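Okay, thanks for coming, everyone. I'll put the structure up and we'll walk through a few parts of it together.

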Amino acid sequence: MDSDVLTRTARAATAQPPTHDPLWWRSAVIYQVYVRSFADADGDGTGDLAGVRAHLGYLKDLGVDAIWFNPWYPSPMADGGYDVVDYRDIHPQFGTLADAEALIREALALGIRTIIDVVPNHISDQHPWFQEALAAEPGSPARERFWFHPGKGENGDEIPTHWVSSFQGETWTRTTNPDGTPGEWYLHMFTPEQPDLNWNHPDVRREHEEILRFWFDRGVAGVRIDSAALLIKDADLPEVGEKQGPGQHPTEDRDELHDVYRSWRAIADSYAGTRVLVGEIWVPDIDRFAAYLRDDEMHTAFNFDFLARPWGAASFRESIRQTLAAHAPVGAPSTWVLSNHDVTRPVTRYGRADTTFAFLKKRFGVPTDPELGRNRARAAALLVAALPGSLYIYQGDELGLPEVEDLPRDLIEDPMHYRSGGVDPGRDGCRVPLPWAGDEPPFAFSPDGSRTWLPQPPQWRALTVEAQRSDPHSTFSLYRDALALRRDLPALGDGDLDWWDDALPGADDVLAFRRGDDFACIVNTGEDPVSLGPLIGAGGQILLASSPLEGASLPGDSTAWLRLTSLTTTTHPAG
Ligand code: GLC
């Protein structure tokens, strides 16, 4: 039995499934498992559910409340599993439905809830519905579930619209008729292997409602809704134009979407325990974003604004202020997200001259200062863990893994890379299998001798779970300590935040706020140290810091958490 199993067994005896807390999702720490790269039990180089089950003790020890699994369904993997063939089963490389059921149960016995990914905008081109549609005549009912359309022009060989794919390039592919002549076109906002569903069709709505019930019946505590703002399209197929007002874009954030989520919310609310809807919503207008979080729609949505912002007190403060202000009227908690399986790892992003994130800007060969990136990523981790709302941690960020930027080109699978003509490195660099233990690949991700689906850098020997667990200064220890404090301090998680702009007067690169009466978070985004002397001298006590303090001095690119025992009577929050 490995130590994870021992820990798991020991804690299972005392763990109470936290089903009694209907508001668990407002403060939850949710750990994102990209199954393919978490842990491989059967030695095929690809992660699996048995691998996750063997490491549940690790997640318990880290201190998470829930796991969000990226799609785990049967899929040809044209887009890492976001091309689903069967929403009611498990990819054979990952295991079986029975494994998933056991995993959900075992995690809950440790107090860890399960959130699964549902992908409603599109399905795999290998899904029976699409195969049936391809085999059917133009105009037939089987095609109505999708967006089949004749092309423009005399021979129908002109694309129906010039809508641009989120993966760059065109969004329509022409079919071939059974007699070999060119046929209708079909819509795909992502790759041609991911045909878009027609959400005006009752079958599509019914099917997804049943999928939700299928998984809620199996005990999942929530769903992450992929590409949640894309489902509804304008059936007149207009080009994207300047005159379209809010809610009228042909493919994004259309007003009719809210009805879909109201019906999903009614299903979620019909189950015992709070089953949550979490939207993946990339909508630039923060008020329109918040509209999805009204009482009878989704519970929360990923807040991507923060991760796209440049490093710095002013930009972070602005993002946090806007986010909290937009959520307040709908009463929903914010989410805080430093990364996920789609974006450049924080350690790499924050070590660059340009620390913002945008998909279209990704390039090979951008220089990074790893130490700077590491310090900032640690500081950012403490910052977001102190903010009001729920917190997402993408697997490997708790180990401080960098983006792997030198993957052999022929091993890259991500369609974003190929659809950019090889200009965009794609997202595989943040999807490299986790290093668990040992001195060389596969670092106990797979049994020795196995070849992982993406190669791990040999330098990751210093970043394995084994190497970090016993080191009190490691990034893993920082995360574990932060999550333990977050659990213990009632002021953290859901609640209010009080800006403390005059905590350290004149320190422009400092972001400071208070939670409750006696907790403060101080972030020094500048290069130079700042003295926390005035705070410590007045009775403050350092709870945790992302870099070692030198005396009372908080180094640059660092965050400290403080307990403010006797300060409460002498200072006032700024706003
Ligand atoms: C979401 C997923 C991403 C996927 C896309 C298409 O953005 O996070 O990984 O490629 O949807 O399903």
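So, this is a predicted model, and I want to begin with the open sheet: five strands, in the order E12-E13-E14-E18-E16, with antiparallel pairing. At the edges you've got strand E12, residues 498-499, and strand E16, residues 540-545, and each of those pairs on one side only.

Let's look at the E12 end. E12 is joined to strand E13, residues 510-515, by two bridges, antiparallel. If you want a residue pair to click on, Asp498 sits opposite Arg514 in E13. Packed on the sheet there is helix H11, residues 313-327, which touches E12 and E13, and its direction is at about 35° to that of E13.

There's another helix to look at, H13, residues 370-386. H13 lies across E13, E14 (519-524), E16 and E18 (558-564), and it runs at about 40° to E18.

Okay, next stop: strand E1, residues 29-33. Is that strand buried or exposed? Five of its five residues are buried, so the rest of the structure largely encloses E1. A bit of background here: in a regular strand, side chains alternate between the two faces of the sheet. In E1, Val29, Tyr31 and Val33 point one way, Ile30 and Gln32 point the other way, and all are buried. Yes, that includes the Gln.

And who are the neighbours? E1 runs parallel to strand E11, residues 390-394, with four bridges joining them, and Tyr31 has Ile393 as its bridge partner in E11. E1 also pairs with strand E2, residues 66-69, again parallel and over four bridges. In E2, Phe69 is the residue opposite Val33.

Now the ligand, which I guess is what you docking folks are waiting for. Which residues come nearest? Of the 14 around the ligand, they are Asp79, His122, Asp226, Glu280 and Asp342. For polar distances to ligand oxygen atoms, Asp342 has a polar side-chain atom at 2.5 Å, and His122 has one at 2.9 Å. In the Arg224 side chain, an N or O atom is 3.0 Å from a ligand oxygen. Taken alone, the ligand exposes 310 Å², and the protein buries 95% of that.

Last one, Thr251, in the loop between strand E7 (222-225) and helix H8 (257-269). Loop or not, Thr251 is buried, with a relative accessible area of 3%. Leaving aside residues up to four places away in sequence, Thr251 touches Trp163, Met189, Ala229, Leu230, Ile232 and Lys233.

That's my tour, thanks.

How values were computed. Residues numbered from 1 in each chain as written. Predicted model: local features only at pLDDT ≥ 70, side-chain atom pairs only at ≥ 80, totals over all residues. Heavy atoms only, no water. Pairing = 2+ DSSP bridges. Contact = heavy atoms within 4.5 Å. Axes fitted to C-alpha atoms, helices over the stretch in contact; angles between N-to-C directions. Buried < 20%, exposed > 50% of the residue type's maximum accessible area, 1.4 Å probe, protein only. Near = heavy atom within 4 Å. Polar contact = N/O pair within 3.5 Å; in protein donor to acceptor, adjacent residues only side chain to side chain. Areas by Shrake-Rupley, 256 points an atom, 1.4 Å probe, with all protein chains shown as cover.
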